[in-house]
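Visitor: Could you take me on a close look at the place where the ligand sits? I'd love to hear what surrounds the ligand and how the contacts are made.

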Amino acid sequence: MGRLEEPPAKGVRELYPFLYEGRADLESVLAEACRSTEEKAAEIVRLRWQVAEASADALMECAGEMALRFASGGRLFAFGNGGSSTDAQEVATAFLHPPCGLSLPALSLTSDVAVVTALSNDVGFDVVFARQLAALGRHGDIAVGLSTSGGSTNVVRAFEEATRRGMLTIGLAGDEGGRLAELDLLDYLFVIPSSSVHRIQEAQTTVYHVLWELTQHALGAVPAP
Ligand SMILES: O=C(CO)[C@@H](O)[C@H](O)[C@H](O)[C@H](O)COP(=O)(O)O
């Protein structure tokens with residue numbers, strides 16, 4: 001990989017003089033930003049290796065369980081807050097409308113603004129996912145919850161509801177797993193060992209894309225990864 005030490009300075013000062021107003025140090029700031037970008041890229045590679053090494057067997061086993069659920073008519077429900085809410089949407093989209101392989105029934109519980117706001121307004125944000133699972137979830141379905149801290153109450157409550165309903169429960173968390181790890185509630189918990197919310201979110205994409213690929217393979221829809 002080429003080094004990123006040099007800032008993209010050529011012509012920048014001429015093209016965007018307002019950027020430099022009152023910022024004599026901007027070039028060194030840009031250089032530092034480039035260096036730090038390279039370090040972050042290296043960190044995300046390291047984290048992905050760590051989670052792959054620590055969880056290879058669990059990922060394969062989990063994907064096998066997911067394939068069994070889908071083959072028996074199960075559906076996947078994904079949920080999370082903030083950046084994890086859009087990750088939940090990507091999880092659902094990847095399973096429902098993949099670039100190749102089988103289209104599988106999957107829904108994000110973060111996507112319907114009317115449902116999310118009504119439940120939050122009328123009942124409380126803590127139950128925004130649990131209430132949806134109480135209405136939609138059935139024995140044999142799959143719950144995928146993402147939380148970088150592992151501590152969001154609405155994610156924990158959703159998993160409690162999913163467990164009551166006999167759903168397969170799969171959590172993605174960061175750091176040391178937070179409350180999701182402490183509660184020891186889940187069938188599978190994949191932890192990204194970082195305290196950076198952004199690095200955790202980046203590594204979590206790899207976890208759920210690998211789960212997607214292994215599940216499709218277990219269903220005979222795509223070749224072995
Ligand atoms: O980091 C971002 C966006 O990248 C934030 O929006 C972040 O997702 C939000 O603060 C969430 O509410 C954090 O919740 P959680 O991941 O700890 O469950």
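Guide: Around the ligand you will find N81, G82, G83, S84, S147, T148, S149, S152, V197, H198 and Q201. Please keep in mind that this is a predicted model. By residue type, the shell splits into ten polar residues, one nonpolar residue and no charged ones.

Now for the individual contacts. In the side chain of S152, an N or O atom lies 2.5 Å from an oxygen atom of the ligand. S149 also takes part through its side chain, where an N or O atom is 2.6 Å from a ligand oxygen. With G83 the partner is a polar backbone atom, and the distance to an oxygen of the ligand is 2.8 Å. As for how covered the ligand is, on its own it would expose 450 Å², and the protein buries 63% of that area.

It also helps to see which helices build the shell. Two helices, α4 (residues 83-96) and α9 (residues 197-218), each give at least two residues to it. The largest share, three residues, belongs to α9. So that you can find these places in your view, look for G83, S84, V197, H198 and Q201, which are among the residues around the ligand.

Key: Residues numbered from 1 in each chain as written. Predicted model: local features only at pLDDT ≥ 70, side-chain atom pairs only at ≥ 80, totals over all residues. Heavy atoms only, no water. Near = heavy atom within 4 Å. Polar contact = N/O pair within 3.5 Å; in protein donor to acceptor, adjacent residues only side chain to side chain. Areas by Shrake-Rupley, 256 points an atom, 1.4 Å probe, with all protein chains shown as cover. Helix = DSSP H or I, 4+ residues; strand = E, 2+ residues; numbered from the N terminus. Nonpolar A, V, L, I, M, F, W, Y, C, P; charged D, E, K, R; others polar.
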